[in-house]
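Dear colleague,

I am handing over a structure for you to look at before we talk about it. Please open it alongside this message and keep both in view as you read.

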Amino acid sequence: MTGSPARTLLLWCPDWPVLAAEIVDGVPATGLVAVLHANRVVACSERARAEGVRRGLRKREAQGRCPQLTVVEYDPGRDARAFEPVVAAVEELVAGVEVVRPGACAVAARGPSRYLGGEEAAAERIIEHVAQSCLVESQVGIADGVFAAGLAARAGRVVAPGGTPEFLAGLPVEALGRSALADLLRRLGVRTLGDFAALPAGDVLARFGFDGALAHRLAAGRDHRPLAVRQPPPDLTVTAEHDEPIDRVDAAAFVARALAEQLHERLAGHGLACTRLGIEAVTEHGQELHRVWRHDGLLTAVAIADRVRWQLDGWLSGSNGRAGARPARPTAGIIRLRLIPDGVIAQAGLQAGLWGETGEERERAHRALSRVQGILGPEAVVTAVLGGGRSPADQVRLVPWGDERLPARPGSPTGADPAAGRGGGTPPWPGRLPAPAPAVVLPSPLAATVHDADGEPVVISARLAVSAPPARLVVGAGQPAEIVGWAGPWPVDERWWAPAEARRRARFQVSLADGTALLLAVEAGQWLVEAIYD
């Protein structure tokens, strides 16, 4: 790296998803409100925090701490649309605003500090202007680099030039915003950013990979943007011209997806990845709109499409925020849309193959599946996402192709993290089905009966005692099949503290004479076939 990270001023609006829900949906942010994503709290109001609600809590636990809690589903498009008036207000005072994420935007601190009378004066002026224009409370942090400025904004601090490494050193590793990495670092005894920054860079890259190396630079106060950043060549910009002006959000979303894929393919062809994205639009009346989006990681095709869609939604809907006056909806539809990769870095790990470019087959498959979705609908093409759970059906979630691949339940279905095993950690799902996993999981379990050698039904007592060794299995109205081997029972006692949701069962693995292996379960005295092994 050459030189020091640029002085950065970052404006942060606390609890922005809660404020966005008030601006767009009318949910009072002063009440007991929590925003949930994947059944976990991602943001909550100040009153909800006073009642014990915290980020990361499950919905049931949050409602147990605060029965009057109002639950709002997380909507990143809503957050971005509501944040547009705040960005417009900041732009009235300073130029070159970059949207870090909905609820946070950054500018270079040098210009505002020079013509507004210093860094602290500039911070106070921007906070006051946003409060008067948008009726939104905000905090500003100034430090060397965007990452440190974001953490300084949460404390409302102005870090002295050159003091960023010292400011970051005492913060916990969770400040990196990478939960898996932070959890692993804590198990290794690395608890603060200063401890992490003291590790050799080469060892960090070898152990944690490219993303871990980026996090290591952030922890040391070296913003990752200078990492091989260069001005992109002009031919990386992609533009779409439209004879019919775009004035509807659904049409804009379709255009955004196609243009984002085109930009991603062009960058991949040069072995590059985008970290900052410029979005430019020109209306039929000649009005020019411009916004810059920033991302801490690498912008994928889906991430680019999401940001373009959010921005177009903010422009076309003309969200007025709390103040109700700004920004106005464009006077005409959009006839030209341009995506500019304003910040690119060399994509580590991309290497051309011997028989074609890396990822060419994947991109071809992506285009084919997207076309099928366009014909049959988004729910017609789904992919499986593995997550946590105790049974095979709980561990798999089907999501539409192109949607965010988040597991329905946290934790690994195949066992604990190897690092956790070495450190004596506890598996996240005790009582889960042991490996190997079955090849076929039935959508609905099949009723069955199991008999012993004398033809009597095999029953399981409350203490998991088997009345007799299983000898024959009958599935539904089928023919009896001889059981030549069996293992179990493995008990599962879930949610015993909630009688209405409690579930108790025992599982068996059986091998039949014809070579078939099945996963059976006994629940409330009924035998069920849940899955089939290869």
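A good place to begin is R338, which counts as partly exposed at 29% relative accessibility (buried means under 20% relative accessible area, exposed over 50%, and partly exposed in between, with a 1.4 Å probe and protein chains only). Please keep in mind that this is a predicted model, in which local features need pLDDT of at least 70 and side-chain atom pairs count only at pLDDT 80 or more, while totals for chains, interfaces and linings use all residues. Residues are numbered from 1 along each chain as its sequence is written, and side-chain values use heavy atoms, with hydrogens and water left out.

The side chain of R338 meets that of E280 in a salt bridge, at 3.4 Å from N to O (a salt bridge is a side-chain nitrogen of Lys or Arg within 4 Å of a carboxyl oxygen of Asp or Glu). Because R338 lies in strand β11 (residues 334-346) and E280 in strand β9 (residues 272-283), this pair ties together parts that are 58 residues apart in sequence (strands, E, of at least two residues and helices, H or I, of at least four are DSSP runs, numbered from the N terminus). E280 is also partly exposed, at 25%.

The structure holds 18 salt bridges, and another of them joins R7 and E119, whose closest N and O atoms are 2.7 Å apart. That pair links strand β1 (residues 7-12) with helix α6 (residues 119-134), across 112 residues of the chain, and R7, E119 and D144 are linked in a network of salt bridges.

Turning to the interior, the largest nonpolar core has 68 residues, and V308 and W16 are among those with the most contacts inside it (such a core is a set of buried Ala, Val, Leu, Ile, Met, Phe, Trp, Tyr and Cys residues joined through side-chain atoms within 4.5 Å). Helix α13 (residues 301-317) gives the largest share of this core, eight residues. A second, separate core of 30 residues includes W12 and A143.

How many disulfides are there? The count comes to zero (a disulfide is a pair of cysteine sulfur atoms within 2.5 Å). The sulfur of C44 is too far for a bond, because the closest cysteine sulfur, in C66, is 9.6 Å away, and the sulfur of C105 is likewise too far for a bond, at 7.1 Å from the closest cysteine sulfur, in C13.

With best wishes
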